[in-house]
Amino acid sequence: MLINKLIKMNFAVYSKDGCPYCDKVKQVLELTGSNFVVYNLGDQFDKKSFYGEFGEGSTFPQVVVDGNKLGGCVDTIEFLKENRIIQG
């Protein structure tokens, strides 16, 4: 049942180079077998569009699942725990 839930969820990670929290959330999503795409600062978006989307002062990473903004690394891991995708 969890596998079906994961297949249906699509994550987007807004990341930047050198960010340890970005690396951690990507690693966790990879280990769970989640579908995800990574957008990198400077490649697919700039700071102005990032702050326009997530709010001034937002930190990296920002994670979106199926169009819903989850927040950063801690928020994403909490979401995965709440949905029993990972054990806490």
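Arg 84 is exposed in this predicted model, with a relative accessible area of 65%. Its place is in the segment after helix H4, which spans 73-82. The backbone here does something a little unusual to look at: Arg 84 has a positive phi, about 55°, although Arg 84 is not a glycine.

Asp 66 is another non-glycine residue with a positive phi, this one at about 50°. Asp 66 sits in the loop between S3 and strand S4, the latter running over 68-71. With a relative accessible area of 42%, Asp 66 counts as partly exposed, because anything between the 20% and 50% cut-offs falls into that class. The surroundings of Asp 66 are easy to trace. S3 and S4 pair in the antiparallel sense, over 3 bridges, and Val 63 stands opposite Gly 71 in S4. The two strands make a hairpin with 2 residues between them, and it is in this hairpin that Asp 66 takes its positive phi.

Just ahead of S3 comes a cis peptide bond. It joins Phe 60 and Pro 61, and its omega is about -5°. Pro 61 belongs to the loop between helix H3 (47-54) and strand S3 (62-65).

Phe 60 then leads over to the aromatic rings. How many aromatic pairs are there? The count comes to 9. A pair of rings is described by how far apart the centres are and by the angle of the planes. One of the pairs is formed by Phe 45 and Phe 60, with 6.3 Å from centre to centre and 20° between the planes. This pair counts as stacked, since the cut-off for stacking is an angle under 30 degrees.

Where do the two partners lie along the chain? Phe 45 is in the loop between strand S2 (35-40) and H3, while Phe 60 is in the loop between H3 and S3. The pair therefore ties together parts that are 15 residues apart in sequence. Are these two rings' residues buried or exposed? Phe 45 is buried, at a relative accessible area of 11%, and Phe 60, at 11% relative accessibility, counts as buried too.

Phe 45 and Phe 60 also belong to one aromatic cluster. Along with them, the cluster takes in Tyr 14, Tyr 39, Phe 50, Tyr 51 and Phe 54. Phe 60 thus turns up in several parts of this picture: in the cis peptide bond with Pro 61, in the stacked pair with Phe 45, and in the aromatic cluster.

Terms used. Residues numbered from 1 in each chain as written. Predicted model: local features only at pLDDT ≥ 70, side-chain atom pairs only at ≥ 80, totals over all residues. Heavy atoms only, no water. Helix = DSSP H or I, 4+ residues; strand = E, 2+ residues; numbered from the N terminus. Buried < 20%, exposed > 50% of the residue type's maximum accessible area, 1.4 Å probe, protein only. Phe/Tyr/Trp six-rings, centres within 6.5 Å; stacked < 30°, edge-to-face > 60°. Pairing = 2+ DSSP bridges.
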